[in-house]
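This report introduces a structure to a reader who has not met it before. It turns to annotated positions and then to a pair of helices.

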Amino acid sequence: DPELSDEFQLLLAWADQERKLGVRANADNPEDAKKAFEFGAGGVGLCRTEHMFMDLKRIPIVQKMILAENYPERMEALEELLPMQQSDFEGIFEAMQGFPVTIRLLDPPLHEFMPDKEELLVDVTKLQILDPGSAELKKKEQLLKKVRQLDEYNPMLGHRGCRLGMIYPEIYEMQAKAIFYAAAKLAEKGMEVQPEIMIPLVGHVNELKQMRQLVIDAAVRVQEETGKRIEYTVGTMIEIPRAALTADQIAEEADFFSFGTNDLTQTTFGYSRDDAEGKFLQAYIENKVLPENPFAVLDQEGVGKLVETGVKLGRTAKPSLKTGICGEHGGEKSSIDFCYRTGLDYVSCSPYRVPLARLAAAQATIRHEQKKEEVYTTA
Ligand code: PEP
Ligand code: MG
């Protein structure tokens with residue numbers, strides 16, 4: 001419940017005066033965005049767009065797009081999705097009342113939108129016996145064929161993130177247009193909007209270069225159509241070690257970096273984020289191989305070094321670069337302290353963690369500024 005006591009509100013207001021680190025929230029829908037706003041978030045640091053596609057009414061359209069044999073078929077499905085995406089974004093922009101909203105273009109592998117392979121196989125086998133030659137069987141067989149084509153050994157290291165946008169640019173184009181139509185519509189109503197478009201899983205500057213151009217082209221087209229000038233920025237997630245190590249090149253194409261420390265932890269340790277916790281991580285922690293779960297508490301010695309490198313290289317190439325973090329660590333106390341020390345501009349966390357993050361950000365300032373003062377007074 002977003003109700004906070006008066007005393008706590010007062011404490012938070014005081015914390016806000018002290019803190020230097022911005023606090024945003026991860027929100028994928030208008031309800032979460034409203035909660036985030038009520039809890040005092042200064043923007044949305046990560047709007048994941050995949051859940052919008054999972055809606056029961058939309059999944060058949062998404063599957064139609066994935067199954068499409070050719071470009072016109074795919075475009076037909078995408079055109080159906082566009083107005084739905086537009087209203088998703090309008091809702092989130094409205095809820096954030098002019099604060100910046102970072103929208104991340106589609107990230108997960110496409111198989112996540114398809115039926116389960118095993119279940120499909122059972123269905124197909126049954127139909128082959130009970131109803132051979134039926135249209136239903138044909139449809140399921142076609143689905144199964146596609147699901148098999150989409151199968152990957154390591155989907156989290158596979159065809160996801162900007163790799164999708166590179167191969168199916170029309171998906172990202174639809175999303176970018178939906179964002180700009182939403183922004184234009186609200187601007188028409190006199191509302192302020194600050195869209196920030198974020199490209200996921202970039203590992204090479206050329207990926208960002210191409211996807212950024214695609215976004216710019218979409219903006220130009222929507223501006224021509226609507227006659228509305230839209231202010232926006234384009235940035236990237238830094239969640240692959242190579243992106244952190246080549247952040248100077250990447251910064252040339254980015255207005256902002258957001259460190260995706262969930263994936264960055266996965267790729268730095270080489271731990272599958274979907275498996276490690278259930279397999280060996282608990283034993284590692286119990287046996288003191290690791291001090292704590294790196295997916296919950298940022299590993300400052302390894303993952304943190306990549307964040308520091310990314311910030312340093314990025315800012316050297318582009319001093320105006322905005323930097324934030326939007327992995328789970330953005331809502332964890334000691335990780336927030338690390339973000340302060342590394343000089344990030346903001347952290348982004350779940351809406352319910354926003355109050356805690358505001359306090360932790362203030363604590364970081366007090367802790368480290370006081371230390372500095374002590375050094376000055378003893379010197
Ligand atoms: C991340 O990788 O840290 C991140 C925020 O993105 P996601 O968890 O959606 O992969
Ligand atoms: Mg990620």
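The unreviewed UniProt entry lists Arg48, Arg104, Glu239, Gly260, Thr261, Asn262 and Asp263 under "binding site". The model shown here is a predicted one, and two of the listed positions, Arg48 and Arg104, are described next.

| Residue | Element | C-beta neighbours within 10 Å |
|---|---|---|
| Arg48 | strand 2 (residues 44–48) | 18, partly exposed |
| Arg104 | strand 3 (residues 100–104) | 27, buried |

Arg48 counts as partly exposed because 18 C-beta neighbours lie inside 10 Å of it, which falls short of the 20 needed for a buried residue. Arg104, by contrast, has 27 other C-beta atoms within 10 Å and is therefore buried.

When neighbours within four places in sequence are left aside, Arg48 is in contact with Asp28, Arg104 and Asp107. Under the corresponding condition, that neighbours within four places in sequence are set aside, Arg104 is in contact with Leu46, Cys47, Arg48 and Thr49, and also with Met198, Pro200 and Met237.

Elsewhere in the description, helix 6 (residues 117–130) and helix 7 (residues 135–150) have axes that come within 9 Å and cross at roughly 150°, and the crossing of helix 6 past helix 7 is left-handed. On the side of helix 6, the residues that meet helix 7 are Lys117, Leu120, Leu121, Asp123, Val124, Leu127 and Gln128, while helix 7 contributes Glu136, Leu137, Lys140, Glu141, Leu143, Leu144 and Val147. By class, this contact of helix 6 with helix 7 has eight nonpolar, one polar and five charged residues.

Methods: Residues numbered from 1 in each chain as written. Chains lettered and ligands numbered in written order. Predicted model: local features only at pLDDT ≥ 70, side-chain atom pairs only at ≥ 80, totals over all residues. Axes fitted to C-alpha atoms, helices over the stretch in contact; angles between N-to-C directions. Helix = DSSP H or I, 4+ residues; strand = E, 2+ residues; numbered from the N terminus. Left-handed = near helix turned anticlockwise from the far one by under 90°. Contact = placed C-beta atoms within 7 Å. Nonpolar A, V, L, I, M, F, W, Y, C, P; charged D, E, K, R; others polar. UniProt positions renumbered as here; feature names shortened; annotations may be inferred. Buried ≥ 20, exposed ≤ 12 C-beta atoms within 10 Å, placed from the backbone.
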